[in-house]
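Biologist: I would like a close look at a single part, the largest pocket, and at what surrounds it. Please take your time and keep each term tied to its cut-offs.

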Amino acid sequence: TLMSQIREDGLTIGVVTGSGQRPLIQRILKDFGAFVDESCITTAYDVTHGKPAPDPYLMGLQKAGSLMPYEAVVVENAPLGVRAGHAAHILTVAVNTGPLPDEELLVAGANLIFPTMQAFSEHWHDLLY
């Protein structure tokens, strides 16, 4: 999986969600606990301004160890999230999991677009090297 590849490359995985619902956080930890620590989950309660403002991703950088924007990659599937990643000056990869035309994600600021997480996973090392 992509998360396994990211972890194997020694990178920290963070989650930035516009939600603050505890059941969602618990679900993330249940499903991805091997890859994500609760201290690296940014929620609506961590910021004053949510997506599309850059604040959630800037907070995510802080939670991941005070990273600079050039040390991170945002993976998003929605225009609001893409705009937030772009506004934070972080390389933003869109995975078009819905019925949106790719153009909407490009206009929102996506640097790269993949049709599926599997396709992104297949090109993960192309992004790094």
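Modeller: What follows is an account of the largest pocket, then of a surface patch and the salt bridges.

This is a predicted model, in which local features need pLDDT of at least 70 and side-chain atom pairs count only at pLDDT 80 or more, while totals for chains, interfaces and linings use all residues. Residues are numbered from 1 along each chain as its sequence is written, and side-chain values use heavy atoms, with hydrogens and water left out.

The largest pocket holds about 1200 Å³ of space; a pocket here is an open set of points on a 1 Å grid over the protein atoms alone, where a 1.4 Å probe fits, with protein on both sides within 12 Å along at least five of seven lines, and lining residues have an atom within 4 Å of a point. Its volume is the space filled by probe spheres set on the points, which are joined across faces, edges and corners. Of the 40 lining residues, I13, G14, V15, V73 and V75 are the closest to the centre of the pocket. Elements that each supply at least two residues of this lining include helices α1 (2-8) and α2 (22-32) and strands β3 (73-76) and β4 (91-95), helices being DSSP runs of H or I with at least four residues and strands runs of E with at least two. By class, the lining divides into 29 nonpolar, 7 polar and 4 charged residues, where Ala, Val, Leu, Ile, Met, Phe, Trp, Tyr, Cys and Pro count as nonpolar, Asp, Glu, Lys and Arg as charged, and the others, Gly among them, as polar.

V75, which lies in strand β3, counts as partly exposed because its relative accessibility is 35% (buried means under 20%, exposed over 50%, partly exposed in between, with a 1.4 Å probe and protein chains only). Together with V73, L91 and M117, V75 forms a nonpolar patch on the surface, with about 270 Å² of accessible area; such patches join nonpolar side chains (Val, Leu, Ile, Met, Phe, Trp, Tyr) within 5 Å, from residues with over 30% relative accessible area and no salt bridge, the areas coming from the Shrake-Rupley method with a 1.4 Å probe.

Strand β3 also holds E76, whose partner K51 is in the loop between β2 and α3, 25 residues apart. Their side chains meet in a salt bridge at 2.8 Å, N to O, the term requiring a side-chain nitrogen of Lys or Arg within 4 Å of a carboxyl oxygen of Asp or Glu. E76 is buried at 8%, whereas K51 is partly exposed at 23%.

Notes: Patch = residues over 30% accessible without salt bridge, like charges linked within 9 Å, V, L, I, M, F, W, Y side chains within 5 Å.
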